[in-house]
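Trainee: Got a minute to go through this one with me? I'd like to get a feel for the fold before I set anything up.
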Amino acid sequence: MTAAVSSRTFLGYGCIVAAAVCWSLIGAVGRLPMSAGVSPLETAFWRTAFGCLCFMLHAVRDGGWRMPWRHALCLTGFGVWGVGAFFGLTQYAVALSGGAMTVVLLYTAPVWVALFSFLFFHENPDRRTLLAMGVALLGTALLCSSGGSLAGAPSPLGIACGLATGLCYATHYPFCRWWQQRYSTVVIYAYMFLGGTLALAVFAPIGLEHRAADWGAFLVLGIVCCYAGYYCYGQSLLRIPLVRAAAVGYLEPLLSTLWLALFWSEAFTPLGWCGSALVIGAVLTITLRRH
């Protein structure tokens, strides 16, 4: 029994590490087609479309994709915001402020969750959480004033897009947690990604004349960063507690910063590194405290 539990736990940690590695590639890989002139929205569209295809095929294979039309409409509708807007804003933030800054701002999501809990569910945060939120806000201010991980002056639009990704990501947790009582993670994401794909198809300038390298980047973004990343994350939650998965998941911003520094020469200023450290430390404290 002990050996079985140990093996299950080990596999759970392996899955969350794999998810963090998959997600950490988003900034570095996403910059490749955009550096060739592909728009951020089209990059987001192909990322979403290939991810949607993988989740749909998986859901059909498992045979659990059928549901009442109202449920399908709700999941698809949330995907317009939770996937379409989320991925579109992510690519704009990467283009305007750099991938390293984007992933740090994305991880302000627990601050949004704590704020929503106070405003809508009347959960009063304790002093430790309030202090962590204040530190996170200070770190965000330092990071944004530093200009991000790209050379040049700070981009107000890039900063806004980066902060909005954290807001989008924060809404995933309560929404998906509620629907997981009825459907598998694969089915939920299949319909959410369908909504995101349809939304981006309306607004993104879509073309087929791209370099082979760009198509390769789209496939990696969709199959590895989306499908494999989210699937591994879901598998980890079946084997280890959420708090441990969340803590290990903070490998993502560290790895993302490493890939962007190696392949795109992105680097924070000393002020930016200080702000990043404050944000990551504060949101990790909030995550551990809330669970």
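Mentor: Sure. One term to start with: helices here are DSSP runs of H or I with at least four residues, and strands are E runs of at least two, numbered from the N terminus. Also keep in mind that this is a predicted model.

Trainee: OK, so what pattern does the protein follow along the sequence?
Mentor: Reading along the sequence you get α-α-α-α-α-α-α-α-α-α-α-α-α. The tally is 13 helices and 0 strands.

Trainee: And what's the radius of gyration like next to a compact globule?
Mentor: They agree, because a compact globule of 291 residues would come out near 19 Å and the protein has 19 Å. The C-alpha trace spans about 50 × 50 × 40 Å along its principal axes.

Trainee: How much of it is buried?
Mentor: Of the 291 residues, 51% count as buried. On the outside, the protein exposes about 13400 Å², with carbon and sulfur atoms supplying 71% of that.

Trainee: What about contacts between residues far apart in sequence?
Mentor: Take the contacts between residues at least 6 apart: 90% of them join residues at least 24 apart.

Trainee: Let's go inside. Which residues have the most contacts in the largest nonpolar core?
Mentor: Phe-55, Phe-87, Met-192, Phe-193 and Tyr-230, in a core of 73 residues. Helix H3, residues 40–62, gives the largest share of this core, with 10 residues.

Trainee: Pick Phe-55. What does it touch?
Mentor: Leaving out residues up to four places away in sequence, Phe-55 touches Val-186, Tyr-189, Ala-190, Phe-193, Cys-226, Tyr-227 and Tyr-230.

Trainee: Switching to charges: how many salt bridges are there?
Mentor: The count comes to 3. One of them pairs Arg-31 with Glu-266, with the closest N and O atoms 2.7 Å apart. Arg-31 is in helix H2 (residues 26–35) and Glu-266 sits in the loop between H12 and helix H13 (270–290), so the pair ties together parts 235 residues apart in sequence.

Trainee: Are those two buried or exposed?
Mentor: Both Arg-31 and Glu-266 are buried.

Trainee: And what does Arg-211 pair with?
Mentor: Arg-211 bridges to Asp-214, the closest N and O atoms being 2.8 Å apart. Arg-211 is partly exposed at 41% relative accessible area, while Asp-214 is buried at 2%.

Trainee: Which residue forms a salt bridge with Asp-62?
Mentor: That's Arg-61, with a closest N and O separation of 3.2 Å. Here Asp-62 is partly exposed at 48% and Arg-61 is exposed at 64%.

Trainee: Where's the nonpolar stuff on the surface?
Mentor: Val-17, Val-21, Leu-251 and Leu-254 form a nonpolar patch with about 290 Å² of accessible area together. Helix H1 (2–24) and helix H12 (251–264) are the elements that give two or more residues to this patch.

Trainee: Why does Val-17 count as partly exposed?
Mentor: Because its relative accessibility is 34%, and partly exposed runs between 20% and 50%. Val-17 is found in helix H1.

Trainee: Last one, Ser-236. Buried or exposed?
Mentor: Ser-236 counts as buried because its relative accessibility is 0%. The residue lies in helix H10, residues 212–237. Setting aside residues up to four places away in sequence, Ser-236 touches Gly-12, Cys-15, Ile-16 and Ala-245.

Note on methods: Residues numbered from 1 in each chain as written. Predicted model: local features only at pLDDT ≥ 70, side-chain atom pairs only at ≥ 80, totals over all residues. Heavy atoms only, no water. Core = buried A, V, L, I, M, F, W, Y, C linked by side-chain atoms within 4.5 Å. Buried < 20%, exposed > 50% of the residue type's maximum accessible area, 1.4 Å probe, protein only. Contact = heavy atoms within 4.5 Å. Patch = residues over 30% accessible without salt bridge, like charges linked within 9 Å, V, L, I, M, F, W, Y side chains within 5 Å. Areas by Shrake-Rupley, 256 points an atom, 1.4 Å probe, with all protein chains shown as cover. Salt bridge = Lys/Arg side-chain N within 4 Å of Asp/Glu carboxyl O. Rg over C-alpha atoms; globule rule 2.2 N^0.38 Å.
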